[in-house]
Amino acid sequence: MGRGRVELKRIENKINRQVTFSKRRNGLLKKAYELSILCDAEVGLIIFSTSGKLYEFGSAGINKTLERYQRCCYNPQDTNICDRETQGWYQEVSKLKAKYESLQRSQRHLLGEDLGPLSLKELQQLEKQLEIALSQASQRKTQIMIEQMEELRKKERQLGDINQQLKNKLEAAGQGAFTSIQGSWDPGAVVGNNTFSLHASQSNAMNCEPTLQIGYHHFVPQEAAIPKSTAGESNFIQGWVL
């Protein structure tokens, strides 16, 4: 009895599906190889399993077969589109190259190089451009100098304010120190346990008149009391006076 027709639908059993894949994949690769040998044909075969594994066969190399396939798939319309795009890019590159060369020439002219080919009108235009550039550079330099001067004036004012504050603090500190010293020398001020009278000392010093003592002076020990005059007229030490 012959085999019945196999219904073409997805095999639900995973094991049976994997076994069927392996058998038919090997058979397909074998048929492709036989076709390339028997018919001298260039055959390319690419298979991906459900797990993403790659199986391939190429009688002349799979990459070479793919390149040939891509060349054959391009129609004349696509070729015309590619040619137009290539031509557009070539024109754009040519424009950019010409612009770059023109900028290089202008730069050399501004530096004073390659001035021989220039005409009188071109030289006048170059001179005008240089004058404009020089004027703009001078204006920018003046602006920067003014800004720096304003910044320096601002710093000067700040330093002046700081200096005035320090001066006021020093004056206040000096005034306080002078007041404390003046208070310590005030008449009748108390230092320790002693009371000094500045006015009494000054009056006694002014009332004391200078006298000249000539002659022998009897030595009196320091422990002995110094006798004073009962009349209260003078405090001279007893002895002979010439």
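Glutamate 150 and arginine 153 join their side chains in a salt bridge, with N and O 3.2 Å apart, in what is a predicted model. Both residues belong to helix H4, which spans residues 120-184, and because they sit 3 residues apart there, about one helical turn separates them. Glutamate 150 is partly exposed at a relative accessible area of 42%, and arginine 153 is partly exposed too, at 37%.

How many salt bridges does the structure have? The count comes to 3. Another of them pairs arginine 68 with glutamate 42, whose closest N and O atoms are 2.3 Å apart. Here the partners come from separate parts of the chain: arginine 68 lies in helix H2 (residues 62-73) and glutamate 42 in the loop between H1 and E1, so this pair ties together parts that are 26 residues apart in sequence. Arginine 68 is partly exposed, with 45% relative accessibility, and glutamate 42 is partly exposed as well, at 28%. Then there is the bridge between arginine 10 and glutamate 12, with an N to O distance of 3.3 Å; both of these residues are exposed. As a general point, side chains of opposite charge can pair when their charged atoms come close.

Let us step back to the chain as a whole. It holds 5 helices and 4 strands, and reading from the N terminus, the elements follow the order α-β-β-α-α-α-β-β-α. Of its 242 residues, 6% count as buried. Among contacts with a separation of 6 or more, 17% are between residues 24 or more positions apart. The chain exposes about 22500 Å², and carbon and sulfur atoms supply 57% of that area.

Where do buried nonpolar side chains come together? The largest nonpolar core has 6 residues, namely Ala32, Val43, Leu45, Ile47, Tyr55 and Phe57. Strand E1 (44-48) and strand E2 (54-58) each supply at least two residues of this core. In soluble globular proteins, nonpolar side chains tend to be buried together. If you would like a residue to start from, try alanine 32: leaving aside neighbours within four places in sequence, alanine 32 is in contact with Val43, Leu45 and Phe57.

From there, turn to serine 36, which is found in helix H1 (residues 14-39). Is serine 36 buried or exposed? With a relative accessibility of 9%, serine 36 falls under the 20% limit and so counts as buried. Beyond residues up to four places away in sequence, serine 36 touches Ala41, Val43, Phe57 and Ser59. Two of these partners, Val43 and Phe57, are also members of the core.

A second serine is worth a visit. Serine 49 sits in the loop between E1 and E2, and serine 49 is buried, with a relative accessible area of 14%. Not counting neighbours within four places in sequence, serine 49 is in contact with Phe21 and Tyr55. Tyr55 is again one of the core residues.

Now look at the loop between H1 and E1, where aspartate 40 lies. Its phi is near 50 degrees, a positive value in a residue other than glycine. For comparison, most residues other than glycine have a negative phi. Aspartate 40 is exposed, at 70% relative accessibility. Glutamate 42, met earlier in the salt bridge with arginine 68, is in this loop as well.

Nonpolar side chains also appear on the surface. Ile46, Phe48, Leu54 and Leu66 make a nonpolar surface patch of about 370 Å². One of these residues, leucine 54, is found in strand E2. Leucine 54 has a relative accessible area of 41% and is partly exposed. Strand E2 therefore supplies residues to the core and holds a member of this patch, a pairing you can follow along residues 54-58.

Finally, what of the cysteines? A search of the whole structure finds 0 disulfides. Cysteine 39 is exposed, with a relative accessible area of 52%, and cysteine 72 is exposed at 60% relative accessibility. A disulfide, in general, is a covalent bond between the sulfur atoms of two cysteines.

Note on methods
Residues numbered from 1 in each chain as written. Predicted model: local features only at pLDDT ≥ 70, side-chain atom pairs only at ≥ 80, totals over all residues. Heavy atoms only, no water. Buried < 20%, exposed > 50% of the residue type's maximum accessible area, 1.4 Å probe, protein only. Contact = heavy atoms within 4.5 Å. Areas by Shrake-Rupley, 256 points an atom, 1.4 Å probe, with all protein chains shown as cover. Disulfide = S-S within 2.5 Å. Core = buried A, V, L, I, M, F, W, Y, C linked by side-chain atoms within 4.5 Å. Patch = residues over 30% accessible without salt bridge, like charges linked within 9 Å, V, L, I, M, F, W, Y side chains within 5 Å. Salt bridge = Lys/Arg side-chain N within 4 Å of Asp/Glu carboxyl O.
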